[in-house]
Amino acid sequence: MVNLGSEVLSLFQQTAEPNLAGQLVGYGVGTILSFLFLALVTRSSETNKRLRYLALCGLVWNACGLAIYVAHVMGASSWIEHSADVTKFGIGKLWPVSAVAAWLDNDALSPLRRKLGKWLLGLSIATGTFLFLAQFGWFWQMFHWDWGVLRDSLARYAFIRNCSDFNALAVVGGGAWILLPGQVHGWFQKLAVTSILLGLTINTVCALLHAYLQLPLGVDSVVVTLEQQSIILAVIGAVFYFARFRALDVFVKLSLRVVIAATLAMTASYIAFGPLERISQKTVEPYAVKVAGLAALVGFVILLAGRFATAIDAFVETRVFGKPNYRQAAAQLREKLGLLETATEIVLTTEEFVRSTLQIDDIRILPQAALSRPADTLGEEFAEPEGGGQRDADTAIPITVGHQAPYFLVFPTQGTQSTVLSMDLNFLREVSMLVGRRLEALEREKDRVERARHEAQLTHQVLSAELRALRAQVNPHFLFNSLNTIAALIPPEPEKAELMTVRLAKVFRHVLTHADRSFSTVEEEIDFVRTYLEIEKVRFGDRLSIQIDVSEAAEAATVPSLILQPLVENALKHGLAPKLGINKLIIRGSLTQGYLSLSVEDNGVGLRSVDRENDTPSTGLGLRNVEERLRTIYGAKGTLVLQNMALGGSRATVQFPAGGIAW
């Protein structure tokens, strides 16, 4: 075993500073992207293990590359550089095998192509294993050979690495030539395959230039940087071609952002340590100029990074993945849902809209009963269809209405032409939220209508009960007064008492016939009053003169039943009965500006003094009953006014809106 600390033997005996900076930034960016790739693939719960393997290989490759150059810059022991380099290129030898294996997993291949592909896969496994053993054997020699012998074998190690590059290009290029014709569809897949082949080609060409040509130090540094970093181009192409995972769009966006940010940072660093450094040294206050320049550069980089982020998101969504503008689509769906009034219309319209937007036919909105395992209270998106088949954890999105999820938005994750990406899933979540809000609004509207209907029904029941109670007061009151009149007529005029009894029976026959009606027309009220006045004429005889003046429009108007008879009775009893001589009774009715006015005027003794001052109704039961019924039905819009006439007598007027209840 040799003492590795006695002499430093590095892989970078001639390395320019720009090369080191480029390699550090390149591998740093690659490590970040690989870590993001692995995290997103793992989070997406994909069943395809190849993606996780590819992401892990990319992470190991870039992390080892970063470790090599960090160890060199920090002046660490040479064996750290070599061990990281061996691990890195050992992982790299497995990538061509995974590419050919993935391309073979295609049922559309012809038998000949499949057979040739299997031969190529076996050859790639054999050559990869051989090169890995050769490289590992060289690394083992580090612990057994003298440093002088090992120094001479560095060329042999470089040759093994170059052979690995040649092998990767030959295997992947041969696999593309044998297995991909007729299998690459769309410009995106073509771009991904081109990226794979271009990255491997640049890597191989740069390895040849560095190994067999004596290039200037600056040019050679650029060639070495391209050789190392071009593999990232091939890896990104492989990711775009092979990857079919949910967060692919997120990875592409983050990758482009990281690359743009690294490019801006490298440019700013070059300006800061180049032109800005030289300019500051020529000024009186170089430190102040340098600080101000760095602040301006940082602010400019942050501003550009924000602008690029927005542009990158739009580019990835519309150009790379060809997705529609989901913000506009959500706004259109919101407008459509606002015009629908039933849950069935909402479900059918949403299904049709989402299918046309995502170009996926098998998207459905199912009730909770159709899923054997609905989403839990935390909103975890999981569901199994009835009858068994296992679904992915993101295939059913709950549509929440209040605190429940009566529906689920279900979409396929396998067997479709296009992968449902994170941006699609976010759009579907927003659709579920819009549908849930509209259904919740409909539920609130239904509850509001039901409450209003119930309140109206209760109000109607209360009003009916009050009216029945008030009418029940009218009938006994009228009967009591009529019987008193008949009793008074029996001794002196029994014939009139008998005639009055017959007419009273006719009046109550009318009352019983209309007992179930809360309202009647003015014409019907006038007919009833005429029948009632026939009874009173028996008592008054020829002293009573009756005049009825009601317009045709007023006759057809609807009024509360028995609203006019108490006014006539009050005029006869309190106005005309105490008066000697000719008694005159005038009934008028008119309809003006939507209000019906009915008045009963007499030339009797007039109102009592207590009533004349305030023009208030009498405290008699009949008028009080009329006033309460008007207030119950019409509120403040129904009035009863009593007033004395200038030439003697009084007038009772009721006024209320024509057409029924007013409040």
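In which handedness of crossing does helix 13 pass helix 14? Keep that question in mind while you look at the whole chain, remembering that what is on the screen is a predicted model.

**The whole chain**

Begin with everything selected and coloured by secondary structure, which comes to 21 helices and 10 strands in the protein chain. The chain has 663 residues, of which 45% count as buried. If you display contacts between residues at least 6 apart in sequence, 72% of them join residues at least 24 apart.

**Helices 13 and 14**

Now select residues 326-338, which form helix 13, together with residues 343-358, which form helix 14; the two pack at an angle of about 160 degrees, and their axes lie 11 Å apart. Because angles over 145 degrees count as roughly antiparallel, helix 13 and helix 14 are roughly antiparallel to each other. As for the opening question, helix 13 passes helix 14 in a right-handed crossing. To see the contact itself, show the side chains of Tyr326, Ala329, Gln332, Leu333, Lys336 and Leu337 on helix 13, and those of Ile346, Thr349, Thr350, Phe353, Thr357 and Leu358 on helix 14. Sorted by class, this contact of helix 13 with helix 14 consists of seven nonpolar, four polar and one charged residues.

**Just past helix 14**

Move next to Gln359, which sits in the loop between helix 14 and strand 1 (364-367). Gln359 is a residue other than glycine with a positive phi, near 60 degrees. Most residues other than glycine have a negative phi. Is Gln359 buried or exposed? With a relative accessible area of 64%, Gln359 is exposed.

**Helices 10 and 12**

For a second helix pair, select residues 248-273, which are helix 10, and residues 286-320, which are helix 12; here the packing angle is about 155 degrees and the axes are 9 Å apart. That angle makes helix 10 roughly antiparallel to helix 12, and helix 10 passes helix 12 in a right-handed crossing. On helix 10, the contact residues include Val252, Leu256, Ile260 and Leu264, while those on helix 12 include Leu297, Val301, Leu304 and Phe308. By class, the contact of helix 10 with helix 12 has 16 nonpolar, no polar and five charged residues, and among its members you will find Asp249, Lys253 and Arg257 of helix 10 as well as Asp313 and Glu317 of helix 12.

**Leu112 on helix 5**

Select Leu112, which is found in helix 5 (residues 111-141), and show its surface: Leu112 is exposed, with a relative accessible area of 58%. Then add Ile178, which is 66 residues apart from Leu112 along the chain, although the C-alpha atoms of the two are separated by 9.5 Å.

**Helix 17**

Continue to residues 522-540, the 19 residues of helix 17, which reaches 25 Å from its first C-alpha to its last, close to the 27 Å expected at 1.5 Å a residue. Which residues of helix 17 are buried? They are Val522, Glu525, Ile526, Phe528, Val529, Thr531, Tyr532, Leu533, Ile535, Glu536, Val538 and Phe540. Step past the end of the helix to Gly541, which follows helix 17 and has a positive phi, near 70 degrees.

**A last loop**

Finish at Gln593, placed in the loop between strand 7 (583-592) and strand 8 (595-602). Gln593 has a positive phi of about 50 degrees although it is not a glycine, and at 78% relative accessibility Gln593 counts as exposed.

Terms used
Residues numbered from 1 in each chain as written. Predicted model: local features only at pLDDT ≥ 70, side-chain atom pairs only at ≥ 80, totals over all residues. Heavy atoms only, no water. Helix = DSSP H or I, 4+ residues; strand = E, 2+ residues; numbered from the N terminus. Expected span 1.5 Å × (residues − 1). Buried < 20%, exposed > 50% of the residue type's maximum accessible area, 1.4 Å probe, protein only. Axes fitted to C-alpha atoms, helices over the stretch in contact; angles between N-to-C directions. Parallel < 35°, antiparallel > 145°, perpendicular 65-115°, else oblique. Left-handed = near helix turned anticlockwise from the far one by under 90°. Contact = heavy atoms within 4.5 Å. Nonpolar A, V, L, I, M, F, W, Y, C, P; charged D, E, K, R; others polar.
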